[in-house]
Amino acid sequence: MDISRLIKRAALVAGAIVVTAGLAGPAHARTTTAAADTVALTFDDGPHATYTPQVLDVLAEHQVKATFCLVGTQAQRYPALVRRIVAEGHALCNHSMNHANMSTWTDAQIRADLTATTQVIRTAAPGAAVPYFRAPYGAWGRSATVAAGLGMARLGWTVDPRDWSRPGVDAIVDAVHAQLRPGGIVLMHDAGGNRSQTVQALDLLIPQLRADGWTFTFPPTLAG
Ligand SMILES: [Zn+2]
């Protein structure tokens, strides 16, 4: 598996060189410098009593900071986990109160939901910053605009290994390597079902990505 990963990485870099050759100017010259590549890990739908602590343990073991997209009702059930996420230096993202599809909601409906969700998060972790919003199912509708008005940046993703479908640890790992590009945002889940594959994949992925030159970061807050 290591060798196929290296081949994929080489193909990725080769692809970057081809793209770079087609562009004028020195601004693109760093495309092939692996050390400058950044990736943001994001975890949706928690906190979850079993899997959020496991994800946090893996992140702590590898000294990586990530972003957690919290569902309000889950934050209400597990306030101590919200505090742990914050205490360990991770970032918070508002992922709505009930994980409803908001694509047809009015601004007022969305604003009420997002405000209530942030309130629940801050009840659990007083004073915590919630700089991001991610729409459930990526069904944005008006929500990105409303979220921006509430001071939250739209948090999308560029890498989706479909870990929620439990495709197997190797499939999750391989999908991340195949889809990742510089500045990538990886979508994974610490809740919503059995996430033991996600936890195992994460433990493999972090050292592999580091060895490939990736640096872990938070998503940009001015994206979208
Ligand atoms: Zn979700």
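Here are a few friendly exercises, each with a worked solution, on a predicted model of one protein chain.

**Exercise 1. Get your bearings: how many helices and strands are in the chain, and what share of its residues is buried?**

Solution.
- Step 1: Start with the elements; the chain holds 8 helices and 7 strands.
- Step 2: Turn to burial; of the 224 residues, 38% are buried.
- Step 3: Look at the contacts with a separation of 6 or more; 77% of these are between residues 24 or more positions apart.
- Step 4: Check the confidence; the average pLDDT is 88, and 83% of the residues score at least 70.
- Step 5: Take care with residues 11–35, where pLDDT stays under 50. The model has 14 contacts beyond four places in sequence for this stretch.

**Exercise 2. Find the buried residues of helix 5 and work out why they line one face of the helix.**

Solution.
- Step 1: Locate helix 5 at residues 107–124, which makes 18 residues. From its first C-alpha to its last it reaches 26 Å, close to the 26 Å expected at 1.5 Å a residue.
- Step 2: Mark the buried residues, which are Ile110, Asp113, Leu114, Thr117, Thr118, Val120, Ile121 and Ala124.
- Step 3: Look down the axis of helix 5; these residues fall within an arc of 155 degrees, so they line one face of the helix.
- Step 4: Recall the general pattern: an α-helix has 3.6 residues a turn, so residues three or four places apart point the same way.
- Step 5: See what the buried residues of helix 5 pack against: strand 2 (67–70), helix 3 (72–77), helix 4 (79–87), strand 3 (91–94), strand 4 (132–133) and helix 6 (143–149).

**Exercise 3. Repeat the analysis for helix 2: which residues are buried, and what covers them?**

Solution.
- Step 1: In helix 2 (residues 51–61), the buried residues are Tyr51, Thr52, Val55, Leu56, Val58 and Leu59.
- Step 2: Viewed down the axis of helix 2, they fall within an arc of 160 degrees, so here too they line one face.
- Step 3: Their cover includes strand 1 (38–46), helix 4 and helix 8 (196–211).

**Exercise 4. Explore the largest nonpolar core: which members touch the most other members?**

Solution.
- Step 1: This core has 55 residues, and those touching the most other members are Leu70, Val82, Cys93, Ile121 and Val186.
- Step 2: Ask where the core comes from; helix 8 gives the largest share, 6 residues.
- Step 3: Link back to Exercise 2, since Ile121 is also among the buried residues of helix 5.
- Step 4: Follow valine 186, which touches Val39, Ala40, Leu41, Thr42, Trp157, Val159 and Val176, leaving aside residues up to four places away in sequence.
- Step 5: Keep a general tendency in mind: in soluble globular proteins, nonpolar side chains tend to be buried together.

**Exercise 5. Hunt for backbone features: where is the cis peptide bond, and what is the phi of glutamine 63 and of arginine 162?**

Solution.
- Step 1: Begin with the general rule that most residues other than glycine have a negative phi, and most peptide bonds are trans.
- Step 2: Glycine 46 and proline 47 are joined by a cis peptide bond, with omega about 5 degrees. Proline 47 sits in the loop between strand 1 and helix 2.
- Step 3: Glutamine 63 has a positive phi, near 55 degrees, and lies in the loop between helix 2 and strand 2. It counts as exposed because it has 10 C-beta neighbours inside 10 Å.
- Step 4: Arginine 162 has a positive phi as well, near 50 degrees, in the loop between strand 5 (153–154) and helix 7 (169–179). With 13 C-beta neighbours inside 10 Å, arginine 162 counts as partly exposed.

Key:
Residues numbered from 1 in each chain as written. Predicted model: local features only at pLDDT ≥ 70, side-chain atom pairs only at ≥ 80, totals over all residues. Helix = DSSP H or I, 4+ residues; strand = E, 2+ residues; numbered from the N terminus. Expected span 1.5 Å × (residues − 1). Buried ≥ 20, exposed ≤ 12 C-beta atoms within 10 Å, placed from the backbone. Arc of directions from axis to C-beta. Contact = placed C-beta atoms within 7 Å. pLDDT = per-residue confidence, 0-100. Core = buried A, V, L, I, M, F, W, Y, C linked by C-beta atoms within 7 Å.
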